[in-house]
Amino acid sequence: SDLGIQEAWTENLPMNSGAGVNLDQPLTFTNTFTRRLNLMTNGNSVASIDMTSINRFQNLSGYFEKNGQKSSLNMSQFDHNTFGSFHFDQKRGVLLAANTTDTGECSIEMLMQGNTVTSHVNIEMDTKINLLVESQQ
């Protein structure tokens with residue numbers, strides 16, 4: 001669509017499971033996208049969009065299964081942040097590039113085979129995607 005520069009919109013992404021964990025109640029990640037100035041790449045105008053996602057969840061519960069054993073878990077805290085930029089070729093309707101940085105932390109308490117295990121996880125991940133698209137003649 002034709003969004004003006006600095007116009008933003010929000011997308012909510014529900015999640016019931018991830019990384020092998022099934023949650024008792026779904027999470028909803030809120031992502032905000034903001035249109036930036038177009039870039040010029042090889043003489044073509046490329047749409048530039050930034051994404052921000054700052055989410056903080058508390059008191060989550062769920063379970064995971066491994067080797068037929070079902071183990072419960074509680075997350076007292078789960079913080080997840082993503083910042084990124086996306087470049088689109090509007091004429092062809094294709095994503096050309098994406099760069100994102102994810103950070104976060106999670107405090108987990110699990111009950112495994114009758115024993116309580118506590119863990120604190122720090123998340124740091126950079127993702128870079130550059131797509132090679134054949135020119136259309």
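## Exercise 1. Asn 81

Task: Find the element that holds Asn 81, then decide whether this residue is buried or exposed.

Step 1. Asn 81 sits in strand E4. Strands (E, at least two residues) and helices (H or I, at least four residues) are DSSP runs, numbered from the N terminus.

Step 2. The model is a predicted one: local features need pLDDT of at least 70, side-chain atom pairs count only at pLDDT 80 or more, and totals for chains, interfaces and linings use all residues. Residues are numbered from 1 along each chain as its sequence is written, and side-chain values use heavy atoms, with hydrogens and water left out.

Step 3. The relative accessible area of Asn 81 is 18%, so this residue is buried. Buried means under 20% relative accessible area, exposed over 50%, and partly exposed in between (1.4 Å probe, protein chains only).

Step 4. Now list the partners of Asn 81, not counting residues up to four places away in sequence. They are Ser 53, Ile 54, Asn 55, Thr 101, Asp 102 and Thr 103. Contact means heavy atoms within 4.5 Å.

## Exercise 2. The overall fold

Task: Describe the secondary structure and the spread of the chain.

Step 1. Count the elements: six strands and zero helices. Along the sequence the pattern reads β-β-β-β-β-β.

Step 2. Check the spread. The radius of gyration is 20 Å, well over the 14 Å that the globule rule gives for 137 residues, so the protein is more spread out than a compact globule. This radius is taken over C-alpha atoms, and the globule rule is 2.2 Å times the number of residues to the power 0.38.

Step 3. Box the C-alpha atoms along the principal axes. They fill roughly 65 × 30 × 20 Å.

Step 4. Look at the surface and the interior. The accessible surface comes to about 9300 Å², and 49% of that belongs to carbon and sulfur atoms. Areas come from the Shrake-Rupley method with a 1.4 Å probe; for residues, only the protein chains shown count as cover. Buried residues make up 31% of the 137.

Step 5. Take contacts between residues at least 6 apart in sequence. Of these, 48% join residues at least 24 apart.

## Exercise 3. The nonpolar cores

Task: Locate the largest nonpolar core and name the strands that supply it.

Step 1. A nonpolar core is a set of buried Ala, Val, Leu, Ile, Met, Phe, Trp, Tyr and Cys residues joined through side-chain atoms within 4.5 Å.

Step 2. The largest such core has 13 residues. Those with the most contacts inside it are Leu 27, Phe 57, Leu 60, Leu 73, Met 75, Phe 78 and Ile 108.

Step 3. Assign the strands. E2 (21-41), E3 (44-66), E4 (69-89) and E5 (94-112) each supply at least two residues of this core. E2 gives the most, with four.

Step 4. Apart from this core lies another, of five residues, among them Phe 33, Ile 49, Met 51 and Phe 86.

Step 5. Zoom in on Phe 57. Leaving aside neighbours within four places in sequence, its contacts are Leu 27, Thr 28, Phe 29, Ser 76, Gln 77, Phe 78 and Asp 79.

## Exercise 4. Two more residues of E4

Task: Work out the burial and partners of Phe 86 and Ser 71.

Step 1. Phe 86 is found in strand E4. At 17% relative accessibility, Phe 86 counts as buried.

Step 2. Beyond neighbours within four places in sequence, Phe 86 contacts Phe 33, Ala 47, Ser 48, Ile 49, Met 51, Leu 95, Ala 97, Ala 98 and Thr 100.

Step 3. Compare sequence and space. Phe 86 and Asn 74 are 12 residues apart in sequence and 35 Å apart in space, C-alpha to C-alpha.

Step 4. Ser 71 also has its place in E4. Its relative accessibility is 4%, so Ser 71 counts as buried.

Step 5. Ser 71 and Leu 111 are 40 residues apart along the chain, yet their C-alpha atoms are separated by 5.9 Å. With neighbours within four places left aside, Ser 71 is in contact with Gly 62, Tyr 63, Phe 64, Leu 111 and Met 112.

## Exercise 5. Positive phi

Task: State the phi and the exposure of Gln 6 and Ala 19.

Step 1. Most residues other than glycine have a negative phi.

Step 2. Gln 6 has a positive phi of about 75°. Its place is in the segment before strand E1 (8-18). With a relative accessible area of 49%, Gln 6 is partly exposed.

Step 3. Ala 19 has a positive phi near 55°. Ala 19 lies in the loop between E1 and E2. Its relative accessible area is 88%, so Ala 19 is exposed.
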